[in-house]
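Trainee: I am new to this structure and would like a close look at a single part. Could you walk me through how the two domains of one chain meet?

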Amino acid sequence: MIPLRVKVEVNAEEPFVVRLRSFEAEEREREPEQLNHFEVSLERADPDGADYAGEGGPIRVLGIDPSELDGDVLLVNPRRGTADRLIRSTSPHNTFLVTERCDQVCVMCSQPPKKHHVDLFTYFETAALLAPEGATIGISGGEPTLFKERLFTFLKRVLVARPDLFFHILTNGQHFEEDDRSTMTGLDQSRIVWGVPLYSHDPSVHDQVVGKQGAQERLLDNLAFLCRVGAAVELRTVLMQPNAPGLPELARFITAMLPFIRTWAVMQTENIGYGRMNWKTLFYDSSEGFDVVGRAIDLVRSRGIDARLYNFPLCTVPEAYRHLAPATISDWKRTYREECEGCSLKAECGGFFEWHPRDHGYGRLGAVQ
Amino acid sequence: MKVWPLKFREMSDGSMLFADDAGGFFKAGDDFLDRYATDGLSADDSLFLKEGSHGFERERDLPWTSFAYRWARRQSRPRKMNYVILVPTLRCNLACGYCQVSRAPEKARGFDWSDETLTGVLSFLGDLEGPDIKVEFQGGEPMLRVDLLEAVRDYCREKFSQSQFVVCTNLQKLDARAWAFLDADDTFISTSLDGDRLTHERQRTHDGDVTDAFFRNLEAVVARYPEGKISALPTVDVANPPDLDALLDNYERYGVRSVYLRPINHQGFARKFHQGDNVVARWNRLHSGFIDLLIARNHRTGRFMEEYYFSQCLKRVLRFDADNHVDIRNPNFFASDYVVVDHDGRFYPTDEARMLSRIGRIDLSIGDVATGIDRAKVDVLNSGAFNHFDPDCIHCAYQPFCGTDVVDDISRYGRVDVPRPDTWFCGRHLALFDKVFEILYRNDAPTRASLAAWLGVAAWDDGMAPVHS
Ligand code: SF4
Ligand code: SF4
């Protein structure tokens with residue numbers, strides 16, 4: 001697994017954001033003018049660590065090869081002696097976790113909510129401005145829109161300052177109001193995708209999954225709001241035992257009520273957080289019961305609405321649907337199994353979450369020749 | 001709940017098809033029609049209409065918003081000119097029976113772009129916004145002037161980041177320079193293949209040697225290039241149609257799986273030929289039979305072929321975003337995303353308009369490359385280019401899926417205000433959409449398999465077309 005947090009030694013009190021650079025010898029001359037004041041450059045490296053210097057430093061990073069860090073943006077926490085790799089320059093999967101608070105408690109939540117909140121938006125803004133050209137930055141939580149004033153301000157500033165950046169924001173869709181209309185239309189929505197979960201067309205099933213009465217009703221109103229402000233919505237449905245039988249019904253609901261979504265993502269469950277605790281009652285073996293999934297996405301796609309399968313090992317998906325299953329498991333969470341040995345699909349397959357149980361639960365799985 | 005207005009039409013099985021203005025549709029019995037018409041909807045009716053987004057509780061709620069969205073998306077609104085049809089020469093080395101009006105003999109003079117016209121065309125292209133362009137070379141036989149084609153292509157490759165070229169050629173004569181032109185990956189071939197050899201010879205080549213030359217070149221093209229490089233169209237004479245089975249075999253043999261069956265275009269002959277119900281009815285029967293033939297054949301072979309226009313109409317029914325085909329969309333505003341440039345540098349809104357003008361019936365040119373597009377004239381044409389307020393269409397269940405064809409109306413009737421049901425366009429499209437809905441509600445496995453293939457989904461089941469029972 002790719003480490004998202006590294007050990008550092010710094011001479012500072014307060015947290016700060018810094019970008020690490022490594023220059024080849026011949027570039028060294030031009031180094032000063034190439035560095036901005038949030039950057040440090042590699043001075044020397046030894047087997048235990050690497051030393052960086054610059055306006056933002058000095059800083060010593062321990063236990064990781066500096067070649068893996070070139071261009072990375074770190075949030076350094078001097079007191080703890082750690083740094084979070086907010087942006088890994090070579091990865092398409094960079095996400096800012098803006099809060100751990102949430103007003104829902106979903107039965108399969110991979111990141112169970114906590115009461116405590118630290119506002120890091122100032123650091124996120126600096127980090128976003130240092131992101132590589134054309135990057136997409138994920139925003140997640142907790143529930144980011146619990147702090148929507150801060151979130152909107154952050155988005156507005158970064159979208160203006162960096163016309164090349166894109167955002168993918170996960171939200172439970174509970175907190176938009178008609179009053180947010182002008183703020184939302186003021187953001188360049190063509191560069192934002194809002195990932196919003198809907199688990200069932202049946203309010204009682206949805207509300208039960210998210211652990212909040214009335215959540216679906218609120219969500220549907222807010223989906224209409226998102227449509228009216230021209231937001232691009234990626235509708236996300238985690239496939240689980242409680243909602244799998246209703247998937248075709250949900251598909252019908254989408255064709256009638258949510259034609260404006262950009263994509264419908266049907267997602268396999270992640271075995272972590274509450275997902276792990278409730279695994280036995282949640283995990284739906286789509287390798288055996290794919291028909292509900294297939295019928296649902298065929299219906300939606302026949303109406304010209306895009307549908308995708310996220311986090312499905314390719315061999316568990318019938319061949320006719322595999323082109324709809326991109327490798328969505330982020331690089332740092334991804335692993336393959338013994339069964340994958342010699343599989344011809346491995347290059348296109350997202351494999352498994354690192355923490356997926358050994359007894360994977362799929363009735364049909366294994367290398368495809 | 002407020003219910004959006006529903007229009008209805010009797011289906012071939014005696015039940016009723018209902019559709020709202022945003023293209024939401026379902027099938028029901030005439031008992032429902034009675035309740036709907038007399039304001040006596042049952043609780044079941046209301047629930048069904050609600051779930052299908054045919055009504056709303058309050059403005060801006062989700063059903064209201066989704067209806068508005070679907071309605072708005074169904075309006076075609078191309079805003080960028082990115083497709084030009086160029087006629088660098090009117091000369092041709094064939095003399096097909098139905099093409100007299102739009103060609104000149106191979107040796108004739110004065111039917112090719114002059115140097116000034118070429119300059120004008122390039123400067124017109126140069127003013128387009130980009131970043132993409134599609135150029136279709138028509139004729140005449142454009143391969144008689146490969147030099148002009150090269151000039152245009154070189155220019156476009158330079159100016160646009162994505163460009164694509166289609167040569168509509170009869171494939172009669174291909175010299176080394178022609179092959180070199182066609183070899184490029186950004187260049188595609190479109191040709192005419194009227195079905196079996198006999199029909200092709202009768203309608204086009206008229207002579208065994210000429211026919212041989214065509215098929216030799218067709219074989220060579222198919223062998224040389226990957227599938228998808230070449231497309232082909234059959235022109236069908238409804239009075240003397242080809243063997244449609246043999247036509248499909250022939251198309252498949254040449255790797256063309258999408259067949260756009262086109263009736264002979266009686267451009268300009270409307271006055272001479274009787275164009276009554278008879279021709280429309282005969283054409284509709286032929287076309288409907290062709291769809292059934294395709295379904296049976298696809299089932300038999302397990303390899304899927306389609307009738308291009310039927311698939312397009314099918315998608316118009318099911319999807320709100322299927323407005324990329326210029327023959328059927330609504331509104332169908334002219335010179336918005338594509339335009340034709342004739343051999344003399346004049347602009348026309350469509351190729352049919354060009355031919356119609358050529359026989360002197362009416363001048364439908366809309367400016368030329370020297371002076372630019374004549375927007376005032378385009379506006380006049382556009383005033384009839386949508387079906388929203390047509391007194392017949394507003395009562396028709398197919399209105400959200402259908403379109404208009406102003407130029408065809410002018411060509412056949414000399415006017416644009418003929419009652420819809422009396423037009424060729426309406427007669428064809430009523431039948432086409434009747435067929436689409438017949439197919440959508442069929443339950444047999446062969447039909448479902450073809451439907452799935454035509455829609456690009458893995459499977460189609462009978463729950464996918466809504467029924468209110
Ligand atoms: S065997 Fe492994 S690599 Fe192959 S499709 Fe299955 S999960 Fe993916
Ligand atoms: S042209 Fe005919 S089929 Fe089309 S909408 Fe009008 S009345 Fe209906």
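Mentor: Happy to! Let us begin with a term: buried area is the accessible area, taken with a 1.4 Å probe, that two parts lose on being put together, summed over both. Please keep in mind that this is a predicted model.

Now to the two parts themselves. Chain A is divided into domain 1, residues 5–85, and domain 2, residues 94–353. Their C-alpha centres lie 33 Å apart. Where they touch, domain 1 of chain A brings 8 residues to the contact and domain 2 of chain A brings 5.

With the definition in hand, here is the area: domain 1 of chain A and domain 2 of chain A bury about 660 Å² between them, and carbon and sulfur atoms give 77% of it. On the domain 1 side, you can look for Val17(A), Val73(A) and Leu75(A), which supply 51% of the area that this domain buries against domain 2 of chain A, more than any other three residues.

What about polar links between the domains? The rule finds 0 salt bridges across the interface of domain 1 of chain A and domain 2 of chain A. The count of residue pairs in polar contact there is 1, with both residues at pLDDT 80 or more. As for secondary structure, the elements that give two or more residues to the domain 1 side are the strands β2 (16–21) and β6 (73–77) of chain A. The largest share of that side, 3 residues, comes from β2(A). By class, the residues of domain 1 of chain A that touch domain 2 of chain A divide into 6 nonpolar, 1 polar and 1 charged.

It may help to set this beside the interface between the chains. There, 25 residues of chain A are in contact with 29 residues of chain B. Chain A and chain B bury about 2000 Å² between them, with 61% of it on carbon and sulfur atoms. Met257(A), Ser302(A) and Arg303(A) supply 29% of the area that chain A buries against chain B, more than any other three residues.

Salt bridges do appear here: the rule finds 2 across the interface of chain A and chain B. In a salt bridge between the chains, the side chains of Arg60(B) and Glu178(A) meet at 3.9 Å, N to O. On the chain A side, the elements giving two or more residues are α6 (215–228), α7 (247–257) and α10 (290–302). The chain A residues that touch chain B divide into 13 nonpolar, 3 polar and 9 charged.

Technical notes:
Residues are numbered from 1 along each chain as its sequence is written. Chains are lettered from A and ligands numbered from 1 in the order in which they are written. This is a predicted model: local features need pLDDT of at least 70, side-chain atom pairs count only at pLDDT 80 or more; totals for chains, interfaces and linings use all residues. Side-chain values use heavy atoms; hydrogens and water are left out. Contact means heavy atoms within 4.5 Å. A salt bridge is a side-chain nitrogen of Lys or Arg within 4 Å of a carboxyl oxygen of Asp or Glu. Helices (H or I, at least four residues) and strands (E, at least two) are DSSP runs, numbered from the N terminus. Ala, Val, Leu, Ile, Met, Phe, Trp, Tyr, Cys and Pro count as nonpolar, Asp, Glu, Lys and Arg as charged, and the others, Gly among them, as polar. Domain bounds come from an automatic or database domain assignment. A polar contact is a pair of N or O atoms within 3.5 Å; within protein, one must be able to donate a hydrogen and the other to accept it, and residues adjacent in sequence count only if both atoms are side-chain atoms.
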